[in-house]
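Please open the structure in your viewer, switch to a cartoon display, and keep the selection tool at hand. We will go from place to place, with a short description at each stop.

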Amino acid sequence: MDISKEKEKMYVVIQRKHVDFKQMEMVCERAGDKEESQKRKNYKYDKKTTRVYKTSSKKIKCPFRIVFKRHHETDLWRLYSIPDSRHNHPPPKSLLGHPAYARLKPHQMEKVRQMKGFRPFKILNAIREEYKTNASTISTIYAAKATIKRTESDGRLVMQQSEWLAEKLNYAMQTRVGPGNKVTHIFLAHPRMVDLAQFFYQVLLIDCTYNTNRYNMPMLNVVSHTSDKQSFTVAWCFMEKEEIEDYVWAL
């Protein structure tokens, strides 16, 4: 990749903004205010957790704008006017992480699909070793994994996908439903791990994680270890609360 040429291109990177079927505006990717919503007008984001996220925006009200109009007879677009040809920012120093260049190609997406069980940084390192000019970041890998996961769910909801995977992978799954038909407990265990636990039953470690999932449900982990001091997970259980009744149900 010729970085010098790419920087020159990136300085005038534009995104199309359809005004109507006869006119089209092309503006800089850094145009607009950072407070503007990308979804719809007057959209308000409702936080699902109390976690504080640090966010940033590329938008700095860049004034660059070009207007095109379409000829009704030839159906061709022509340059109509250049209201403002100035940029209020310098060219980028690097293309690393830029959406236009960080996007994964089909064969790289297939690489992510094959390695989806690995940690994202290992997937990214494997892609960069194979493709030296790749400009992806760790966020690109997370987004690619989410896309693959959404594709594989084939329109199934979260609980439907969980039940489908449990049945496909031969997991034992039990759920508990509370008022309003709300799922309050989910228990998962693999028969092979349960059989292994029956051989090494002397010590079972039981502990709950903090509320780090999107549903704010504690996850109970039941762990044991073999004679050669190798640990393995016996079962998991998502619980609504950490009270005696919840532990009794899980155990």
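The tour below visits a sheet, the helices beside it, a crossing of two helices, and some cysteines.

**The sheet**

Keep in mind throughout that this is a predicted model. Begin by selecting the strands of the open sheet, which has five of them in the order β5-β6-β9-β8-β7, with antiparallel pairing. The strands β5 and β7 (205-208) stand at the edges, and each has a single partner strand, so one side of each is left without a neighbour in the sheet. If you look along the sheet, you can follow a twist that averages 20° from one strand to the next. As background for what you are looking at, strands of a sheet pair through backbone hydrogen bonds, either parallel or antiparallel.

**Along the strands**

Now select residues 172-177, which form β5, together with residues 183-189, which form β6; these strands pair in the antiparallel sense over six bridges. Within this pair, show R176 and you will find that H185 in β6 stands opposite. Then move to the hairpin of β5 and β6, where five residues lie between the strands and where G180 takes a positive phi near 75°.

Next, add residues 231-238, which make up β9, and see how β9 and β6 pair in the antiparallel sense over four bridges. Here L188 is the residue to display, with W236 in β9 standing opposite. Continue to residues 219-225, the strand β8, which runs antiparallel to β9 and is joined to β9 by seven bridges. In this pair, M219 stands opposite F238 in β9.

**Helices on the sheet**

Keep the sheet visible and bring in α6, which packs on the sheet and touches β5 and β6, with a direction that makes about 150° with that of β5. Then select residues 191-199, the helix α7, which also packs on the sheet, touching β5, β6 and β9, and whose direction makes about 120° with that of β9.

Return to α6, which covers residues 158-168, and pick out Q161 within this helix. Is Q161 buried or exposed? Q161 is buried, with a relative accessible area of 14%, because anything under 20% counts as buried. Leaving aside residues up to four places away in sequence, Q161 touches E152, S153 and R156.

**Two crossing helices**

For the next stop, select residues 106-114 for α3 and residues 138-153 for α5, whose axes come within 10 Å and cross at roughly 75°. That makes α3 roughly perpendicular to α5. Show the side chains that make the contact, which are M109, V112 and R113 of α3, and I141, A144, K145, I148 and E152 of α5. Sorted by class, this contact has five nonpolar, no polar and three charged residues.

**The cysteines**

Finally, turn to the cysteines, where you will find that the structure holds zero disulfides. Select C28, which is in no disulfide, and whose nearest cysteine sulfur, that of C62, is 3.8 Å away. C28 is also buried, with a relative accessible area of 1%. For the last selection, take C208 and C237: how far is the sulfur of C208 from the closest cysteine sulfur, in C237? The distance is 8.0 Å, which is too far for a bond. C208 is buried too, with a relative accessible area of 13%.

Note on methods. Residues are numbered from 1 along each chain as its sequence is written. This is a predicted model: local features need pLDDT of at least 70, side-chain atom pairs count only at pLDDT 80 or more; totals for chains, interfaces and linings use all residues. Side-chain values use heavy atoms; hydrogens and water are left out. Two strands pair if DSSP finds at least two bridges between them. A disulfide is a pair of cysteine sulfur atoms within 2.5 Å. Buried means under 20% relative accessible area, exposed over 50%, partly exposed in between (1.4 Å probe, protein chains only). Contact means heavy atoms within 4.5 Å. Axes are lines fitted to C-alpha atoms, for helices over the stretch in contact, and angles run from 0 to 180 degrees between N-to-C directions. Angles under 35 degrees count as roughly parallel, over 145 as roughly antiparallel, 65 to 115 as roughly perpendicular and the rest as oblique. Ala, Val, Leu, Ile, Met, Phe, Trp, Tyr, Cys and Pro count as nonpolar, Asp, Glu, Lys and Arg as charged, and the others, Gly among them, as polar.
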